[in-house]
Amino acid sequence: MGASPTRQLWDRVTVFDGSRTWPQPMAVIVSDERIERLIPASELSADQRAGCELMASGGVITPGLIDCHTHLVFAGHRAAEFEQRLEGASYADIAAAGGGILSTVRAVRAASEDELLDQTRPRLQALMADGVTTVEIKSGYGLSLEDELKMLRAACRLGRELPVRVLTTFLGAHALPPEFSGRPDAYIDEICERMLPAVAEAGLADAVDVFCEHIAFSPAQCERVFQAATRLGLPVKIHAEQLSNQHGTALAARFSALSADHLEWLDEAGVAAMAESGMVATLLPGAFLTLKETRLPPIPALREAGVPMAVATDGNPGSSPMFQLTLMLNLACTLFGVTPTEAVQGVTRHAARALGLQGQLGELAAGKMADFCLWRIDDPVELAYAVQPGRLQQRVFAGEITHGAPDSGVTP
């Protein structure tokens, strides 16, 4: 992004800085791509204000929202499976019949890179219009070297095309492709010996993920992927304890994983392992709702252990076809019992940590990247309280307003 021509001022705003809401009206000054000053508005002199271009006065500012777990790049849809689940079929039943992830694999393999780009762009733009400035996008619907690379290239192209920060995650160990039917260890060989090295050489992945579950891959198989990723210098994360307790979280903790995601079946040992390793628990209430799950993630235990909790959409065509991060704030509160403040922290500060970006994004302070949102609300917790489009007044990415316009008279 190009440098701004002058210092910019957001005056007399309520600021949630990623940890807390400041008790007094604040002034935020941006120079180039970074926050120059964040101070009480009463301490900003008339001369200092005169040296800035006023972007807005009033409203609530939060860090730019971070969606730290998505499967945005895919082709087609799985509306028929939605209907099947309403008629009583389980996620595992649909997967065993050749649907689920493999249904999307067939569609992705049939699509060109440009077609993937065109189908994904509206989903990413919807997230951006909801205040998202950073998003993680996983592969995992190609399950062959050529198609996994195609997905990752499409995700990277979107990050270059649009004013949004895209991080990519290689999820080759998402499901067993049909050509390896009955040979899961052979497919893990393919991932470790051929796919992962090629992805790393191309520089297309910021991290490596696995789906550790009875319908996917065993802990021993996931460990092999983690070992290969570690040799290549790539951080790891895990889909764990979603449908059963495979103890994948404890495994991931041994590899200093960035996060473990889902966690409905997480036990006390898993919580302790997360706390000791510093992992983030990524909560995915959209999948919980869509799959009509009943077992809750152990929120009180995670809270007591001091495990940071991120919140994400898990945006995907099957188990969470939802592309509105602020909706996840409400669902995390109503379904899981997190507090509104915890939810907002979960899409800012803790989401940044889940991507290994703590200290860089998800917080508002002098010297930090100027990624933030101005909202037409009175209090940051309103983002979790109400599911309501149209509250985003301005979206600022790297110091530039990408949504909305300078407005000196914002009224919450």
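Here is a short conversation about a predicted model, covering its cysteines, its empty spaces and some of its buried residues.

Me: Let's begin with the cysteines. How many disulfides does the structure hold?
Reply: Happy to start there! A disulfide needs two cysteine sulfur atoms within 2.5 Å. For Cys222, the closest cysteine sulfur is in Cys212, at 4.0 Å, so that pair is too far apart for a bond. The count of disulfides in the structure is 0.

Me: And Cys68, which cysteine has the sulfur closest to that of Cys68?
Reply: Cys68 makes no bond with that partner either, because the sulfurs are 16 Å apart, which is too far. The closest cysteine sulfur belongs to Cys333.

Me: Are Cys68 and Cys222 buried or exposed?
Reply: Buried means a relative accessible area under 20%. Cys68 has 2% relative accessibility, and Cys222 has a relative accessible area of 1%. Cys68 therefore counts as buried, and Cys222 is likewise buried.

Me: Now for the empty spaces. What is the volume of the largest cavity?
Reply: Good place to look next. The structure holds 2 cavities of 30 Å³ or more. The second largest has about 30 Å³ of space. The volume of the largest cavity is about 110 Å³.

Me: Which residues lie nearest the centre of the largest cavity?
Reply: The lining by class has 4 nonpolar, 8 polar and 2 charged residues. The cavity is lined by 14 residues, and those nearest its centre are His71, Tyr91, His174, Asn316 and Ser319.

Me: How many charged residues are in the lining of the second largest cavity?
Reply: This lining is made up of Pro63, Gly64, Ile66, Thr133, Thr134, Leu361, Gly362 and Asp371. By class, 3 are nonpolar and 4 are polar, and the number charged is 1.

Me: What about pockets: which helix gives the largest share of the lining of the largest pocket?
Reply: The largest pocket has a volume of about 320 Å³. Two elements give two or more residues each to its lining, helix 3 (91-96) and helix 4 (101-110). The largest share is 4 residues, and they come from helix 3.

Me: How many nonpolar residues does the lining of the largest pocket have?
Reply: There are 18 lining residues, with Ala95, Leu102, Ala175, Leu176 and Ile215 nearest the centre of the pocket. By class, no residue of the lining is charged and 5 are polar, while the nonpolar ones number 13.

Me: Let's turn to the largest nonpolar core. How many residues are in it?
Reply: Leu196 is one of the members that touch the most other members, and so are Phe170, Ile191 and Val225. Beyond its neighbours within four places in sequence, Leu196 is in contact with residues including Phe170, Ile191 and Val225. The number of residues in this core is 101.

Me: Where does Thr348 lie?
Reply: Thr348 is buried, because its relative accessibility is 0%. Leaving out residues up to four places away in sequence, Thr348 touches Phe16, Gly18, Pro63, Gly64, Leu65, Ile66 and Gly362. Its place is the loop between helix 14 (340-346) and helix 15 (349-354).

Me: One last residue: in which strand is His262?
Reply: With a relative accessible area of 2%, His262 is buried. Apart from neighbours within four places in sequence, its contacts include His239, Gln242, Thr282 and Asp314. His262 belongs to residues 259-262, which form strand 11.

How values were computed:
Residues numbered from 1 in each chain as written. Predicted model: local features only at pLDDT ≥ 70, side-chain atom pairs only at ≥ 80, totals over all residues. Heavy atoms only, no water. Buried < 20%, exposed > 50% of the residue type's maximum accessible area, 1.4 Å probe, protein only. 1 Å grid on protein atoms, 1.4 Å probe; cavity = no way out; pocket = protein on both sides within 12 Å on 5 of 7 lines; lining within 4 Å. Points joined across faces, edges and corners; volume = space filled by probe spheres on them. Nonpolar A, V, L, I, M, F, W, Y, C, P; charged D, E, K, R; others polar. Core = buried A, V, L, I, M, F, W, Y, C linked by side-chain atoms within 4.5 Å. Contact = heavy atoms within 4.5 Å.
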